[in-house]
Amino acid sequence: MSVLLKTRVTAIGPEVADLAEGGVVILFADGSPPELAEVSVLHLTEQGPSDDAPQKGASITLGPVSATITAVGSTAWSKVREMGHVVISFNGASEAERPGEVCASEVDTGALVAALTPGAVITIAA
């Protein structure tokens with residue numbers, strides 16, 4: 001497998017758990033505006049992002065939680081490359097509703113909330 005993005009969580013906004021319980025995780029690179037940091041998982045990239053966007057079937061792991069990418073919005077990867085931002089919806093959708101969204105297979109949202117801690121590694125690989 002080739003790693004397309006490997007990043008480490010640096011901080012968790014106060015509203016992240018509520019969103020994650022609904023199957024949504026918003027990533028933003030360190031240094032995001034405070035109003036965005038409230039709903040975001042802040043992170044620092046360790047590897048990537050790759051030039052090419054992940055395709056359906058690529059894997060995404062957040063700490064011990066693993067899922068399969070099911071859809072990638074038209075601008076999602078360019079936003080990852082430009083500002084470290086993406087909305088990940090663990091809804092199993094075959095088409096992204098929003099251009100900046102990556103959809104992935106459904107996961108145990110309790111495990112997802114528990115996995116989102118400073119120091120956790122998030123990896124997207126193909």
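# A walk through the fold, starting at Ser-89

Let's begin at Ser-89, which, leaving aside residues up to four places away in sequence, touches Gly-23, Val-24, Arg-98, Glu-101, Val-102, Cys-103 and Ala-104. What you are looking at is a predicted model, so keep that in mind as you explore. Where does Ser-89 sit? Ser-89 belongs to strand E6, which covers residues 86–89. Its relative accessible area is 3%, and because buried means under 20%, Ser-89 counts as buried.

Several of the contacts of Ser-89, including Glu-101 and Ala-104, lead us to the next stop, strand E7. This strand, residues 101–104, has both of its faces covered: Glu-101 and Cys-103 are buried on one side, and Val-102 and Ala-104 are buried on the other. Now look at the neighbours of E7. Strand E6 pairs with E7 in the parallel sense, over three bridges, and in this pairing Val-87 stands opposite Glu-101. Strand E5, residues 65–72, runs antiparallel to E7 and is joined to E7 by three bridges. There, Ile-69 has Ala-104 of E7 as its bridge partner.

Let's step back and take in the whole chain. How many helices and strands does it have? The protein chain has four helices and eight strands, and along the sequence they follow the pattern β-α-β-α-β-β-β-α-β-β-α-β. Its C-alpha trace spans about 30 × 30 × 25 Å along the principal axes. A compact globule of 126 residues would have a radius of gyration near 14 Å, and the 13 Å of this chain agrees with that. The contacts tell their own story: among those between residues at least 6 apart in sequence, 70% join residues at least 24 apart.

Next, compare inside and outside. Of the 126 residues, 42% count as buried. The chain exposes about 5900 Å², and carbon and sulfur atoms supply 53% of that area. In soluble globular proteins, nonpolar side chains tend to be buried together. Here, the largest nonpolar core has 29 residues, and the members that touch the most others are Val-25, Val-41, Ile-60, Leu-62, Phe-90, Leu-112 and Leu-116. Pick out Leu-112 as an example: beyond residues up to four places away in sequence, Leu-112 touches Ala-20, Val-25, Leu-62, Val-65, Phe-90 and Val-107.

Our next stop is His-43. UniProt lists this residue, in an unreviewed entry, under "modified residue: Phosphohistidine". His-43 lies in strand E3, residues 41–47. Is His-43 buried or exposed in the model? With 3% relative accessibility, His-43 counts as buried. Not counting residues up to four places away in sequence, its contacts are Thr-7, Arg-8, Val-9, Thr-10, Leu-27, Phe-28, Ala-29, Asp-30 and Gly-84.

Follow the chain onward from E3 and you reach the loop that leads to strand E4 (59–62), where Pro-49 is found. Look at the backbone here: the peptide bond from Gly-48 to Pro-49 is cis, with omega near 0°.

We finish at strand E8, residues 121–125, which holds Thr-123. Thr-123 has a relative accessibility of 16%; since the limit for buried is under 20%, Thr-123 counts as buried too. Setting aside residues up to four places away in sequence, Thr-123 touches Val-3, Leu-5, Lys-6, Ser-59, Ile-60 and Thr-61. One of these contacts, Ile-60, should be familiar from the list of core residues that touch the most other members.

Note on methods: Residues are numbered from 1 along each chain as its sequence is written. This is a predicted model: local features need pLDDT of at least 70, side-chain atom pairs count only at pLDDT 80 or more; totals for chains, interfaces and linings use all residues. Side-chain values use heavy atoms; hydrogens and water are left out. A nonpolar core is a set of buried Ala, Val, Leu, Ile, Met, Phe, Trp, Tyr and Cys residues joined through side-chain atoms within 4.5 Å. Buried means under 20% relative accessible area, exposed over 50%, partly exposed in between (1.4 Å probe, protein chains only). Contact means heavy atoms within 4.5 Å. Helices (H or I, at least four residues) and strands (E, at least two) are DSSP runs, numbered from the N terminus. Two strands pair if DSSP finds at least two bridges between them. UniProt positions are given in the numbering used here, feature names are shortened, and annotations may be inferred rather than shown by experiment. The radius of gyration is taken over C-alpha atoms; the globule rule is 2.2 Å times the number of residues to the power 0.38. Accessible areas come from the Shrake-Rupley method with a 1.4 Å probe; for residues, only the protein chains shown count as cover.
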